[in-house]
Amino acid sequence: MTTTTTSLVRVDQTCPSTKLDRSRGDPMLGKGKSSGRPTIWCWMLIKPDVQELSLLRLHLCLNTSLFRCDEHTLFSNVSVRSLMGALPGASLMQEVVLQQSLETVYGGPWKTSLNTDLFIAIWRDIFRRRLHLRQEWSVKLDADTVFIPDRLTPILSHIGPPAKRNAELYMNSCSWCVVKLIGPIEIFSRAALKQLDESMNRCEKEVDYHDVSEDVFLERCFALLKIPPVNADKQDKLLLPTWRVRNHEVKHCSKGWAAIHPFKDPKLLLRCFELSFGVPS
């Protein structure tokens with residue numbers, strides 16, 4: 001049964017104090033197609049709990065993360081747009097309300113959320129709505145990821161001209177990690193997702209995912225479908241991840257990364273965005 005907003009946490013309807021201007025200039029917005037830069041549709045799954053709603057509120061207040069992509073969609077089993085109320089930009093949020101539980105169990109070799117079945121259902125919803133066709137690239141994000149879209153589009157451009165970067169491929173989120181496609185940021189070409197749409201049934205049947213999370217499932221699925229990954233150029237800073245901590249070190253936030261994960265404390269998430277844009281404390 002779908003959770004209703006009446007039983008949910010109340011979201012603070014004020015934005016935090018910061019010198020980071022919500023209306024700051026962003027060269028990517030509205031210029032992707034005309035300038036020849038890759039265009040991106042970003043999406044995020046939000047559980048209606050204190051943790052994720054607090055992070056979403058901050059992203060909305062700062063007008064950053066997925067809200068700076070060419071298009072975006074939020075997925076939840078409640079109307080997060082309603083929960084954000086009168087916050088700036090809330091009325092423009094694009095959302096899909098899922099008719100299912102978002103609860104998952106934890107386990108497997110990495111003691112992580114075994115959420116593959118949940119995400120398969122979400123991908124099927126995306127395919128049914130044709131959302132994956134709206135832009136050249138689709139980017140799945142976690143709420144506790146600091147993400148700056150302006151820094152991703154040049155990385156995608158470095159793959160090559162449109163004919164090359166629009167082939168069936170996806171990006172390794174972390175080329176030096178054991179699992180290279182990881183949940184904080186997942187990046188797929190339109191052609192790769194077209195093939196995933198056509199082949200999801202095959203991957204469900206032939207890929208062993210009983211004890212792994214959705215990112216490992218996708219990595220194994222793409223290997224089965226012979227869809228190759230690409231790495232960011234050596235000079236590019238795509239994702240700086242760390243594990244087994246709630247928050248990354250903010251000292252890395254001023255070093256030009258497109259994405260850093262995790263920041264579960266909203267105050268530290270805010271400070272990381274401020275440092276990313278050179279805003280003094």
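Which residue is the bridge partner of Lys140 in β9? The answer is Glu186. This is a predicted model, and the notes below start from β9 and then move on to two loop residues and the nonpolar core.

**Strand β9 and its partners**

- β9 spans residues 185-189, and 5 of its 5 residues are buried, so the strand counts as mostly covered.
- Neither face is left open: Ile185, Ile187 and Ser189 are buried on one side, while Glu186 and Phe188 are buried on the other.
- That two-sided layout fits a general pattern: side chains in a regular strand alternate between the two faces of the sheet.
- β6, made up of residues 137-141, runs antiparallel to β9, and the two pair over 5 bridges.
- The Lys140–Glu186 bridge links β9 to Lys140, and Glu186 itself is one of the buried residues of β9.
- β8 (170-171) is also an antiparallel partner of β9, this time over 2 bridges.
- Met171 has Ile187 as its bridge partner in β9, and Ile187 sits on the covered side shared with Ile185 and Ser189.

**Asn172, in the loop between β8 and β9**

- Asn172 is found in the loop that runs between β8 and β9.
- Asn172 counts as buried because its relative accessibility is 7%, below the 20% cut-off.
- The side chain of Asn172 makes a polar contact with the side chain of Asn231, at 2.7 Å.
- Setting aside neighbours within four places in sequence, the contacts of Asn172 are Lys180, Leu181, Pro229, Val230, Asn231 and Leu238.

**Glu136, in the loop before β6**

- Glu136 belongs to the loop between α4 (116-129) and β6.
- With a relative accessible area of 15%, Glu136 also falls under the 20% limit, so it is classed as buried.
- Glu136 and Pro38 are 98 residues apart along the chain, yet their C-alpha atoms are separated by 6.3 Å.
- Leaving out residues up to four places away in sequence, Glu136 touches Arg37, Pro38 and Thr39, along with Arg165 and Asn166.
- Glu136 also touches Phe188, Ser189 and Arg190, and of these Phe188 and Ser189 are buried residues of β9.

**The largest nonpolar core**

- This core has 91 residues, and Phe75 and Trp123 are the members that touch the most others.
- Beyond residues up to four places away in sequence, Phe75 has contacts that include Trp41, Trp43, Met44, Leu45 and Ile46.
- Others touched by Phe75 include Val96, Leu98, Ile122, Ile126 and Leu131, as well as Asp125.
- As a general rule, nonpolar side chains in soluble globular proteins tend to be buried together.

Terms used:
Residues are numbered from 1 along each chain as its sequence is written. This is a predicted model: local features need pLDDT of at least 70, side-chain atom pairs count only at pLDDT 80 or more; totals for chains, interfaces and linings use all residues. Side-chain values use heavy atoms; hydrogens and water are left out. Helices (H or I, at least four residues) and strands (E, at least two) are DSSP runs, numbered from the N terminus. Buried means under 20% relative accessible area, exposed over 50%, partly exposed in between (1.4 Å probe, protein chains only). A polar contact is a pair of N or O atoms within 3.5 Å; within protein, one must be able to donate a hydrogen and the other to accept it, and residues adjacent in sequence count only if both atoms are side-chain atoms. Contact means heavy atoms within 4.5 Å. A nonpolar core is a set of buried Ala, Val, Leu, Ile, Met, Phe, Trp, Tyr and Cys residues joined through side-chain atoms within 4.5 Å. Two strands pair if DSSP finds at least two bridges between them.
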